[in-house]
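Let's take a walk through a protein model together. Have a look at the picture below, and then we will follow the chain step by step.

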Amino acid sequence: MGVTEKLMRYISIKTPCNEKADSVPTSTCQFNLAEILVEELKELGMDQVVLDERCFVYGILRASEGYEDCKKLGFIAHMDTVSEFCEEEIVPVVTKQYNGEDLTLQKCGRILSVKDFPHLKELKGRTLITSDGSTILGVDDKAGIAEIMTAIDYLKQHPEIKHGCIKVAFTP
């Protein structure tokens, strides 16, 4: 599964924070994503994969043989999203070969205009992933999670790439 597929899977799981909560995590739904990440880390063969009672996920990718004394590297990303616009099902929309012009969000008709977002012109020809306009997309920081998981997967598939110990943490 590539980074885009991972991202699409993660963003479909609602993980809104509750800014009024005094607990960690601020919403129990964050455990839904945490449990998926734990299973994926285990499938990737990571060691010491832990999901604690506060929804922190940890895992370790052992150093390649002979690289145990190299510096350790850590990757971290958070699972929660903003709480606004999370009421409905999150529906990502993939626009391949984006034309660099105004982009209408399917469900609500809102327009991402080049006038308001001039950097959109620079994305012409690329693939854009947006929501349908009825919810947030939730890529902050699920994009980071997808990148980290893809990097670990790549290292596991390419044992010729030698590395020191890599530690991963996903926080609520």
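Read along the sequence, the chain runs in the order α-α-β-β-β-β-β-β-β-α-β. That comes to three helices and eight strands. Keep in mind that this is a predicted model.

Now step back and view the whole chain. Its C-alpha trace spans about 55 × 40 × 25 Å along the principal axes. The chain has 172 residues, and 44% of them count as buried. How do its contacts connect the sequence? Taking contacts between residues at least 6 apart in sequence, 71% join residues at least 24 apart.

Next, the outside. The accessible surface comes to about 10100 Å², and carbon and sulfur atoms account for 51% of this area. As for charge, there are 20 positive and 28 negative side chains. The centres of these two sets lie 3 Å apart.

Let's finish with one helix, α3, which covers residues 139-157. From the first C-alpha to the last, this 19-residue helix reaches 26 Å, close to the 27 Å expected at 1.5 Å a residue. Which residues of α3 are buried? They are Asp141, Lys142, Gly144, Ile145, Ala146, Ile148, Met149, Ile152, Asp153 and Leu155. A general point helps when you read such a list: an α-helix has 3.6 residues a turn, so residues three or four places apart point the same way.

And what do the buried residues of α3 pack against? Their partners include two helices, α1 (3-11) and α2 (30-43). They also pack against the strands β2 (57-61), β3 (73-78) and β8 (166-171). Try finding each of these elements in the picture.

How values were computed: Residues are numbered from 1 along each chain as its sequence is written. This is a predicted model: local features need pLDDT of at least 70, side-chain atom pairs count only at pLDDT 80 or more; totals for chains, interfaces and linings use all residues. Side-chain values use heavy atoms; hydrogens and water are left out. Helices (H or I, at least four residues) and strands (E, at least two) are DSSP runs, numbered from the N terminus. Buried means under 20% relative accessible area, exposed over 50%, partly exposed in between (1.4 Å probe, protein chains only). Contact means heavy atoms within 4.5 Å. Accessible areas come from the Shrake-Rupley method with a 1.4 Å probe; for residues, only the protein chains shown count as cover. Lys and Arg count as positive and Asp and Glu as negative; His and the chain ends are not counted. The place of a charge is taken as NZ of Lys, CZ of Arg, CG of Asp or CD of Glu. The expected span of a helix is 1.5 Å times one less than its number of residues.
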